[in-house]
Amino acid sequence: MLENPVLDPKRIPRHVAIIMDGNGRWAKQRNLPRIMGHKAGTESVKDIVRTARELNLEVLTLYAFSTENWKRPSMEVQGIMALLKTYLKSELQSMLQNDISLRCIGETDKLPADIQKILNEVIQKTALKTGDKPSLVLNLALSYGSRAEIVRAASIMAEKCVSGQFDPEDFSEQLFASHLYTVGLPDPDLLIRSGGEARLSNFLLWQLSYAELYITETMWPDFKGDNLIEAIRNYQDRERRFGQTSEQLQAE
Ligand code: IPE
Ligand code: IPE
Ligand code: MG
């Protein structure tokens, strides 16, 4: 555990999700090509993963590539895929050393074959034996879109009804959530978005229902461990009421 007087170790969020935005603008401000912003962004990813582990988060979900991002110029898409490949290759050792378990959410079958291969390899190698708890689950959202995820879950559930595995009356929030990519993960407690935009951009619409939102003007390549600590400090100042009143919570 990081010695950190500003944070209450008993109220560390279990799951932090991040919309890593602002790479392009960061590059533009420096008269660099957009891809250099993405490259600098991977350094922030490394720093944030290290800090998340030191802070004892259970899950860190990073929005790395959305279903909508496929519409970007193909040069940029190819550049991002190349950076992803380099990242996965170079970080495998450190993930193994630090008990970090990689997971992935999204339509990964749409990713280039070489990325799928290395992704599966890293996921398999960093998967812990049943019963063992990883020090951190690093969950990458790749070719991820929340509406597509919800439609997919609905379709799987409909098929299960047709085949008699369960009936429409059995539907519950819990059953539905177990058909999402995030099955088994707690919902995010805190959503961070860098780059200053106040929108969700099709990210975890179901799972973020009660997350605390933290938007910072800092562009992703400038977002480092101290910024994560500041976001969590801000989170710890809030009262999560889940529909109840402040007085009710204090009485509990
Ligand atoms: C986020 O940065 C990274 C990806 C979407 C892959 P952007 O590339 O969206 O950066 P801005 O928003 O244009 O600055
Ligand atoms: C969201 O950022 C997706 C990722 C960070 C991967 P975008 O830059 O794609 O979002 P919009 O287009 O501004 O909503
Ligand atoms: Mg953007």
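How far is an oxygen atom of ligand 1 from an N or O atom in the side chain of Arg34? The distance is 2.9 Å.

## Basis of the model

This is a predicted model, in which local features need pLDDT of at least 70 and side-chain atom pairs count only at pLDDT 80 or more, while totals for chains, interfaces and linings use all residues. Residues are numbered from 1 along each chain as its sequence is written, chains are lettered from A and ligands numbered from 1 in the order in which they are written, and side-chain values use heavy atoms, with hydrogens and water left out.

## Strands

Helices (H or I, at least four residues) and strands (E, at least two) are DSSP runs, numbered from the N terminus. Strand β1 covers residues 15-19, and 5 of its 5 residues are buried (under 20% relative accessible area, with exposed over 50% and partly exposed in between; 1.4 Å probe, protein chains only). In a regular strand the side chains alternate between the two faces of the sheet. Both faces of β1 are covered: His15, Ala17 and Ile19 are buried on one side, Val16 and Ile18 on the other. Two strands pair if DSSP finds at least two bridges between them. β1 pairs in the parallel sense with strand β2 (residues 59-66) over 5 bridges, and also in the parallel sense with strand β5 (residues 190-193) over 4 bridges. Ile18 has a bridge partner in each of these strands: Leu62 in β2 and Ile192 in β5.

β5 in turn runs parallel to β6, joined by 4 bridges, and Ile192 stands opposite Tyr214 in β6. Strand β6 (residues 212-215) has alternating side chains: Glu212 and Tyr214 point to one face and are buried, whereas Leu213 and Ile215 point to the other and are not buried.

## Ligand 1

Ligand 1 sits in the largest pocket. A pocket is found on a 1 Å grid over the protein atoms alone, as an open set of points with protein on both sides within 12 Å along at least five of seven lines; a molecule sits in it if more than half of its atoms lie within 2 Å of its grid points. The elements giving two or more residues to the shell around ligand 1 are α1 (23-29) and α2 (34-54), and α1 gives the most, with 3 residues. Among the surrounding residues are Met20, Asn23, Gly24, Arg25, His38 and Ile80, where near means a heavy atom within 4 Å.

Polar contacts are pairs of N or O atoms within 3.5 Å. Besides the contact with Arg34, an oxygen atom of ligand 1 is 2.8 Å from an N or O atom in the side chain of Asp21. A backbone N or O atom of Gly22 lies 3.4 Å from an oxygen atom of the ligand. The protein covers 87% of the 380 Å² of accessible area that ligand 1 has on its own (Shrake-Rupley method, 1.4 Å probe).

## Ligand 2

Ligand 2 also sits in the largest pocket. The largest share of its shell, 3 residues, comes from β2. The residues around ligand 2 include Ile19, Tyr63, Ala64, Phe65, Arg199 and Ser201.

Polar side-chain atoms of three arginine or aspartate residues lie close to oxygen atoms of ligand 2: Asp21 at 3.2 Å, Arg72 at 3.3 Å and Arg193 at 3.4 Å. Taken alone, ligand 2 exposes 390 Å², and the protein buries 78% of that. Asp21 has polar contacts with ligand 1 and ligand 2.

Notes. A polar contact is a pair of N or O atoms within 3.5 Å; within protein, one must be able to donate a hydrogen and the other to accept it, and residues adjacent in sequence count only if both atoms are side-chain atoms. On a 1 Å grid over the protein atoms alone, a cavity is a set of points where a 1.4 Å probe fits but cannot get out, and a pocket is an open set with protein on both sides within 12 Å along at least five of seven lines; lining residues have an atom within 4 Å of a point.
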